[in-house]
Amino acid sequence: MKTLDDVLIDGKDTALMVIDVVNDICADGFIYSQKGWDRKPILEMVNARLLPFLQSSRGRLPIVFVRSEYQPREFENDPYPITDMCLKGTIGAEFYMLNPESADIIFVKNH
């Protein structure tokens, strides 16, 4: 597994962005799990790669977390609607196994 030192990144012009690692996509009992979608590759990436890389990046790179947060039925006219995913104010829209720190930047995308 590569660490921050292996990829020779400095924090001057680089940030680590973590996008949509949320319960509705990753956690047991939430949307992806309920629909029977294969989460194995996602969970392997989070556990084996993202979490260690994130830990080695702390204090060396700015870390930006991005998560989706939608209103109910926002996507009901989409060809493949998931109208109950990442609903604002629900635990499904919260980060999965991530603990942003006060120095981290958090963005909420809502469209």
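Here are some informal notes on this predicted model, going from the overall layout to a single residue.

1. **The overall layout.** Start with the order of the pieces. Reading from the N terminus, you pass through α-β-α-α-α-β-β, which comes to 4 helices and 3 strands. The chain has 111 residues, and 37% of them are buried. It exposes about 7,200 Å², with carbon and sulfur atoms supplying 52% of that area.

2. **Contacts along the chain.** Take the contacts between residues with a separation of 6 or more: 74% of them join residues 24 or more positions apart. Keep that in mind when you look at the pairings below.

3. **The sheet.** The 3 strands make an open sheet with parallel pairing, in the order β1-β2-β3. β1 and β3 are at the edges with a single partner strand each, so each has one side without a neighbour in the sheet. From one strand to the next, the twist averages 20 degrees.

4. **How the strands pair.** β1 and β2 are parallel and share 4 bridges. If you want to find them on screen, leucine 16 has isoleucine 63 in β2 as its bridge partner, and valine 18 is matched with phenylalanine 65 of β2. On the other pairing, β2 and β3 (residues 105-109) also run parallel, with 5 bridges between them. One place to look there is serine 68, whose bridge partner in β3 is lysine 109.

5. **A covered strand.** How many of the residues of β2 are buried? The count is 6 of 6, so to speak a full house, because each falls under 20% relative accessible area. In a regular strand, side chains alternate between the two faces of the sheet. In β2, Ile63, Phe65 and Arg67 point one way, while Val64, Val66 and Ser68 point the other, and all are buried. Note that Arg67 and Ser68 are on that buried list too.

6. **The nonpolar core.** The largest nonpolar core holds 24 residues, and Leu16, Val18, Val21, Phe65, Tyr96 and Leu98 have the most contacts inside it. At least two core residues come from each of β1 (16-19), α2 (23-26), α3 (31-34), α4 (40-57) and β2 (63-68). The top contributor is α4, with 5 residues. That helix lies across β1 and β2, and runs at about 145 degrees to β1.

7. **Valine 21 up close.** This is a handy residue to click on if you want to see the core. Leaving aside residues up to four places away in sequence, valine 21 touches Cys26, Val46, Leu50, Glu94, Phe95, Tyr96 and Leu98. Tyr96 and Leu98 are, like Val21, among the residues with the most contacts inside the largest nonpolar core.

8. **Lysine 109, at some length.** Lysine 109 sits in strand β3. Is it buried, exposed or partly exposed? Its relative accessible area is 31%, so it counts as partly exposed, a class that lies between 20% and 50%. Beyond residues up to four places away in sequence, lysine 109 touches Ile19, Asp20, Val66, Arg67, Ser68, Glu69 and Tyr70. With Asp20 there is a polar contact, side chain to side chain, at 2.9 Å. As for glutamate 69, 40 residues apart from lysine 109 along the chain, the two C-alpha atoms are separated by 6.2 Å.

Definitions and conventions
Residues numbered from 1 in each chain as written. Predicted model: local features only at pLDDT ≥ 70, side-chain atom pairs only at ≥ 80, totals over all residues. Heavy atoms only, no water. Buried < 20%, exposed > 50% of the residue type's maximum accessible area, 1.4 Å probe, protein only. Contact = heavy atoms within 4.5 Å. Areas by Shrake-Rupley, 256 points an atom, 1.4 Å probe, with all protein chains shown as cover. Core = buried A, V, L, I, M, F, W, Y, C linked by side-chain atoms within 4.5 Å. Pairing = 2+ DSSP bridges. Axes fitted to C-alpha atoms, helices over the stretch in contact; angles between N-to-C directions. Polar contact = N/O pair within 3.5 Å; in protein donor to acceptor, adjacent residues only side chain to side chain.
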